[in-house]
Amino acid sequence: MEFKSGYVAVVGRPNAGKSTLLNKLVKFNISIISDKPQTTRDIINFIYTDDDAQIIFMDTPGYQIARNKLGDYMDKAMRSALEDADMILYIIDGSVQFKAGEKELMDIVTSANKDVVIAINKIDKKESHIDEIIAEINSRNLKSITVPISAGNDENLDKLLDEIKNILKPGPMYYDGEYLTDKPMKFIVSEIIRQKCLLYLSEEIPHGINIEILKYEELEDSVNIDAIIYCERDSHKGIVIGKDASMIKKIRLAAKKDIKAMLDTEVNLKLNVKVAKNWRKNEDKVKFFGYK
């Protein structure tokens, strides 16, 4: 067989399981996972390579109505990926009802006029809306193939890859076969820290969190990392730090543990907290944080 390659835009609603699936396919936790919307904020390329193909999966922010400048950026990032990609992998949560937001996203995918593989995820869950989803798919003029999967249980992932390979055209190897992403380690480390904020902080606070890595220094037997956790309000800063610095310590130790396991070396992690007031609503601040 001739070697195949291509870029695949991966789209879905928040919590559809995009990042879980892609981490499983490349066998490395590149993208952070949480049950909160806006966990994925940027396009993250996952590079899958085997003897037959190299697939660059473009993980995109979960589709939802934009409510601020960060939301505008996330929506544009998703639409840009759809435009640039060779094909689309559209992931739908099969355990929830097919609501208006999903219909809007399916309209966007349909209008892209590209080959689509639809992965109906979470088929291991007790509640299933697969019939409802398939009926909606059949009512549209989508050039699509549907594969029921469970990213959590690794079910039908090989079949999903086969269907994607069948659509891709012969092409070159864009990246060295050992590459799993084109994102630098500083980005992955910042996302691990943000994941711990998503995990431990409640209500609206995690959505306004952003991480800046000031120093990432690789030594012979350790890595030194200095980072700033930005939040949107003075009152949030106190919550992120916690009484007697208990919350910031909790975040630091959890992040340090995951970074150490990933890098397989000692990690010295320092965290500070600063306020960037209402940064998600300010276009200049959104761009300052790299969303451009």
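Among contacts in the protein chain between residues at least 6 apart in sequence, what percentage join residues at least 24 apart? In this predicted model, the share of such contacts that join residues at least 24 apart is 71%.

The overall architecture was examined next. The protein chain contains nine helices and nine strands. Its radius of gyration is 20 Å, close to the 19 Å that the globule rule gives for 292 residues, and the chain is therefore as compact as a globular protein of that length. Along the principal axes, the C-alpha atoms occupy a box of roughly 55 × 45 × 40 Å.

Burial and surface composition were also computed. Of the 292 residues, 51% count as buried. The area exposed by the protein chain is about 14500 Å², of which carbon and sulfur atoms supply 45%. The charged side chains comprise 44 positive and 47 negative ones, and a distance of 8 Å separates the centres of the two sets.

One segment of the chain carries a record annotation. According to an unreviewed UniProt entry, residues 201–277 are covered by the annotation "domain: KH type-2". Over residues 201–277, helix accounts for 34% of the chain and strand for 38%. The C-alpha atoms at the two ends of this segment are 18 Å apart.

Individual residues illustrate these features. Ser222 is found in strand 8, which spans residues 222–231. Ser222 has a relative accessible area of 9%, and because buried means under 20%, Ser222 is classed as buried. When residues up to four places away in sequence are not counted, Ser222 touches Glu217, Thr265, Glu266 and Asn268.

Two further residues lie in loops. Ala112 is located in the loop between helix 3 (100–111) and strand 5 (116–121). With a relative accessibility of 22%, Ala112 counts as partly exposed. Ala112 and Ala85 are separated by 27 residues in sequence, while their C-alpha atoms are 10.0 Å apart in space.

Tyr179 is placed in the loop between helix 5 (157–167) and helix 6 (185–200). The relative accessible area of Tyr179 is 46%, so this residue is partly exposed. Tyr179 and Phe46 are 133 residues apart in sequence, and the distance between them is 8.8 Å from C-alpha to C-alpha.

Methods: Residues numbered from 1 in each chain as written. Predicted model: local features only at pLDDT ≥ 70, side-chain atom pairs only at ≥ 80, totals over all residues. Heavy atoms only, no water. Helix = DSSP H or I, 4+ residues; strand = E, 2+ residues; numbered from the N terminus. Rg over C-alpha atoms; globule rule 2.2 N^0.38 Å. Buried < 20%, exposed > 50% of the residue type's maximum accessible area, 1.4 Å probe, protein only. Contact = heavy atoms within 4.5 Å. Areas by Shrake-Rupley, 256 points an atom, 1.4 Å probe, with all protein chains shown as cover. Lys, Arg positive; Asp, Glu negative; His and termini not counted. Charge placed at Lys NZ, Arg CZ, Asp CG, Glu CD. UniProt positions renumbered as here; feature names shortened; annotations may be inferred.
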